[in-house]
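Hi everyone, thanks for making time today. I'd like to walk you through a structure that is new to most of us, so please have a look at it with me.

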Amino acid sequence: MTSDYLESARKQFEYYKLLGEKTFSQVSDEQLFWQYNEASNSIATIVKHLWGNMLSRWTDFLTTDGEKEWRDREAEFDNDIATREELLTKWNQGWDCLLNAIGSLTNEDLEKEIYIRNMGHTVTEAINRQLAHYPYHIGQIVFIGKMVCDDNWTSLSIPRGNSSTYNAGKFAKPRHKEHFTNEFLNTRSE
């Protein structure tokens, strides 16, 4: 395992956090709570689930089971967040917990064994598990955003019809090593 793994994982988590936030900025308050049908989740419900999962998985990450006794997973799917502010508070609490935990890890921690629902994982496996889980739900958030915004949606990736222009810009530069998220994460702070 190279020393770049933790930095790469952190950047990928931050990238998916950014995609969620770019979706929130495009939808109205009402659209945050829209459900396709009774069996579907709203953006707010997905945020509530991510929040509960992140707090459970990343609190005392190296020393306690990732499925905390205090977690009420079933309640995470109740569509009861009332405001955009409440949604953003939960969103940021979850991501802060995750990013603080990742930031505290060292390369020596990567092979340590931790538990999720009494099942052993190396720290690397646990990170990879969440790098699959969270983008799955962020994709749902983005898809709902695209549906409710319809023609008013602004693409979060390469817009249709712009692939050739985008690729020409990439291939016009010399080969180099750079994390794929840098161009997105660096523009966020400018």
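Before I start, one cut-off: a residue is called exposed when its relative accessible area is over 50%, and buried when that value is under 20%. Please also keep in mind that this is a predicted model.

Let's use the cut-off right away. Is tyrosine 36 buried or exposed? Its relative accessible area is 60%, so tyrosine 36 is exposed. You'll find tyrosine 36 in the loop between H1 and H2. It has company out there: Tyr36 joins Trp34, Phe143 and Met147 in a nonpolar patch on the surface. Together these residues offer about 450 Å² of accessible area.

Now stay in that region and look at serine 42. This residue sits in the loop between helix H1, residues 5-24, and helix H2, residues 43-58. What is the relative accessible area of serine 42? The value is 0%, and therefore serine 42 is buried. As for who surrounds it, leaving aside residues up to four places away in sequence, serine 42 touches Leu32, Phe33, Trp34, Gln35, Asn79 and Ile144. Trp34 is a name you've just heard, as a member of the nonpolar patch.

Next, my favourite stop, lysine 90. Where is it? Lysine 90 belongs to helix H3, which covers residues 84-104. This lysine is buried, yet it has no salt bridge. The nearest side chain of opposite charge belongs to glutamate 86, and that is 4.2 Å away. A salt bridge needs the nitrogen and the carboxyl oxygen within 4 Å, so that is the cut-off to hold against this distance. Again setting aside residues up to four places away in sequence, lysine 90 touches Lys48, Trp51 and Ile81.

Let's zoom out to the whole chain. How many helices and strands does it have? There are six helices and two strands, and along the sequence they follow the pattern α-α-α-β-β-α-α-α.

What about its dimensions? The C-alpha trace spans about 50 × 50 × 25 Å along its principal axes. With 190 residues, a compact globule would have a radius of gyration near 16 Å, and the chain's 18 Å agrees with that. Buried residues make up 42% of the 190. Among contacts with a separation of 6 or more, 74% link residues 24 or more positions apart. Finally, the chain exposes about 11100 Å², with carbon and sulfur atoms supplying 50% of it.

That's my tour, thanks for listening!

Methods
Residues numbered from 1 in each chain as written. Predicted model: local features only at pLDDT ≥ 70, side-chain atom pairs only at ≥ 80, totals over all residues. Heavy atoms only, no water. Helix = DSSP H or I, 4+ residues; strand = E, 2+ residues; numbered from the N terminus. Buried < 20%, exposed > 50% of the residue type's maximum accessible area, 1.4 Å probe, protein only. Lys, Arg positive; Asp, Glu negative; His and termini not counted. Contact = heavy atoms within 4.5 Å. Patch = residues over 30% accessible without salt bridge, like charges linked within 9 Å, V, L, I, M, F, W, Y side chains within 5 Å. Areas by Shrake-Rupley, 256 points an atom, 1.4 Å probe, with all protein chains shown as cover. Rg over C-alpha atoms; globule rule 2.2 N^0.38 Å.
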